[in-house]
Amino acid sequence: RDPAPEAPAASARRDWSLRLGLDQRYDDNILRLSDRDLNRIDNPSPSDVAANRFSIGSADDFITVPRVSPGFKAEWWRGRPTSFDLDISAYKYLDASIKDYQSYRFSASQTLRGGKALTTRAGLTYGLLPRYYLRNLLSDRYLEELGFLPTPLPRLETTFRKNYVQIEVEQEVVRDVLTFRGSWGSEKRDYNRYFDERDSRMPYLEAGLALTPRRDGRLRFRASYRREDLHAEGNLSDTPSFIEDDISSRRHIIEADVRLRWGAKGRRKSLALDHEYERRDYSTTNTFDAFHLGREDTRHYTTLSFRAELKKGWFLAAQAEHDTNRSRFPAAAGGTTEPNDITDYAENLAQFGIGYEFGSTTGGAGRAGAPTD
């Protein structure tokens with residue numbers, strides 16, 4: 001007698017998701033200008049105009065940010081989730097159109113172990129900013145381009161292209177209570193040709209823990225440490241008449257946040273407070289680079305955010321941010337010459353957004369705001 005035919009294997013589960021969002025934000029210092037430069041932009045002098053110090057007319061602006069984030073999840077490998085997510089955002093400035101930029105991020109993750117065992121996940125992320133305007137800076141290519149040095153030296157628009165690749169691992173330590181997350185990545189920036197000395201690569205490492213003491217996710221604490229090592233091109237041989245800036249630095253970043261969540265699924269609300277501390281030590285050994293040799297920066301970045309789910313997949317979100325930086329220079333860096341890039345600043349940002357989610361979204365839109373300069 002022939003054996004009965006085997007039952008067909010169950011097809012792998014597949015889920016599509018989509019997140020749409022529209023944010024409106026106000027930023028009171030879009031170029032992260034010092035108090036001295038804030039006064040200059042409000043009361044421009046003829047020499048500032050002649051030197052093309054600014055390409056904006058006001059330090060503050062309103063920004064509209066549409067976002068779209070499609071996602072896909074399937075259980076192809078041993079019935080464990082495989083996820084793919086794409087995040088696309090556009091930042092449109094009301095007045096300072098030179099600041100407009102787009103952000104793209106693709107991520108994939110695979111659950112390696114689950115079920116009765118503690119969950120293990122691995123992920124890969126690629127991010128891209130095709131063009132980002134920093135500010136107007138002095139270039140060391142005037143003699144090469146013009147054959148003479150103009151007076152005053154005009155500042156040129158500084159832009160860069162940024163991309164990064166990141167590998168991450170997430171390991172549950174105590175089920176539903178404690179999770180470890182570690183990541184390794186490398187970021188690359190390519191500046192426009194007037195500022196090739198700023199081209200850089202930056203490997204980084206991060207490790208952190210997330211604690212949800214009640215197991216239900218209503219209360220969560222997270223803490224992490226991140227180390228970044230930025231290696232810039234520095235002084236280039238094709239401009240031998242100048243000592244060019246070397247923005248190489250080592251960065252130590254400690255971040256902690258607490259989140260409170262309440263309400264039933266579909267009407268859930270959350271409130272989160274995040275604080276980030278960064279110490280940046282510039283590593284150039286060039287004694288002629290007065291404003292990077294021995295320089296130390298200290299940055300504090302605080303975010304308060306609220307999110308409320310509405311009916312049928314809609315949600316509201318609000319966020320307030322406060323960012324400050326303080327730079328310390330050796331006494332030898334005094335005098336009449338000013339630093340050429342970002343130093344002391346204070347920046348405040350307020351944001352309100354509305355969005356729609358379809359399906360079981362797996363990815364996140366990431367922290368709002370411009371990339372760290």
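Begin at Y126, which is partly exposed because its relative accessible area is 35%. The model in the viewer is a predicted one. Y126 belongs to strand β5. Extend the selection to L124, V165, I167, W184 and L205: together with Y126, these residues form a nonpolar patch on the surface, with about 560 Å² of accessible area in total. Strands β5 (120-137) and β6 (156-174) each contribute at least two residues to the nonpolar patch.

**The whole chain**

Next, display the entire protein as a cartoon. Three helices and 14 strands make up its secondary structure. The chain has 373 residues, of which 41% count as buried. The exposed area is about 20300 Å², and carbon and sulfur atoms supply 57% of that area. Of the contacts between residues at least 6 apart in sequence, 66% join residues at least 24 apart.

Colour the model by confidence. The mean pLDDT is 89, and 88% of the residues reach 70 or more. Select residues 5-9, where the pLDDT is below 50; this stretch has zero contacts in the model beyond near neighbours in sequence. Residues 363-369 also have a pLDDT below 50, but this stretch has 22 contacts beyond near neighbours in sequence.

**Salt bridges**

Side chains of opposite charge can pair when their charged atoms come close. A search of the whole structure finds 34 salt bridges, and three pairs serve as stops here.

Select R40 and D37, whose side chains meet in a salt bridge with an N to O distance of 2.8 Å. Both residues are buried. They are separated by about one helical turn because they stand three residues apart in helix α1 (residues 35-42).

Move to E187 and K162, a salt bridge in which the closest N and O atoms are 3.6 Å apart. E187 lies in strand β7 (residues 178-191) and K162 in strand β6, so this pair ties together parts that are 25 residues apart in sequence. Both E187 and K162 are buried.

The third stop is R222 with D257, where the closest N and O atoms are 2.9 Å apart. This pair links distant parts of the chain, since R222 is in strand β9 (residues 219-232) and D257 is in strand β10 (residues 249-262), 35 residues apart. R222 counts as partly exposed at 39% relative accessibility, whereas D257 is buried, with a relative accessible area of 10%. Then select R32, E276, E278, R280, R299, D323 and E347, which are joined into one network by salt bridges that share partners.

**A loop arginine**

Is R295 buried or exposed? Its relative accessibility is 0%, so R295 counts as buried. R295 sits in the loop between β11 (269-282) and β12 (296-309). Show its side chain with that of S327: a polar contact of 3.3 Å joins the two. Leaving aside neighbours within four places in sequence, the contacts of R295 include R280, Y282, F329, D341 and T343.

**Two residues with positive phi**

Finally, select N52 in the loop between α2 (46-50) and β2 (61-77). N52 is not a glycine, although its phi is positive at about 55°. At 30% relative accessibility, N52 counts as partly exposed. Close the tour at K312, located in the loop between β12 and β13 (314-328). K312 has a positive phi of about 60° and is not a glycine either. With a relative accessible area of 75%, K312 is exposed.

Technical notes:
Residues are numbered from 1 along each chain as its sequence is written. This is a predicted model: local features need pLDDT of at least 70, side-chain atom pairs count only at pLDDT 80 or more; totals for chains, interfaces and linings use all residues. Side-chain values use heavy atoms; hydrogens and water are left out. Helices (H or I, at least four residues) and strands (E, at least two) are DSSP runs, numbered from the N terminus. Buried means under 20% relative accessible area, exposed over 50%, partly exposed in between (1.4 Å probe, protein chains only). Contact means heavy atoms within 4.5 Å. Accessible areas come from the Shrake-Rupley method with a 1.4 Å probe; for residues, only the protein chains shown count as cover. pLDDT is the predictor's confidence in each residue, from 0 to 100. A polar contact is a pair of N or O atoms within 3.5 Å; within protein, one must be able to donate a hydrogen and the other to accept it, and residues adjacent in sequence count only if both atoms are side-chain atoms. Patches are made of residues with over 30% relative accessible area and no salt bridge: like charges are joined within 9 Å, nonpolar side chains (Val, Leu, Ile, Met, Phe, Trp, Tyr) within 5 Å. A salt bridge is a side-chain nitrogen of Lys or Arg within 4 Å of a carboxyl oxygen of Asp or Glu.
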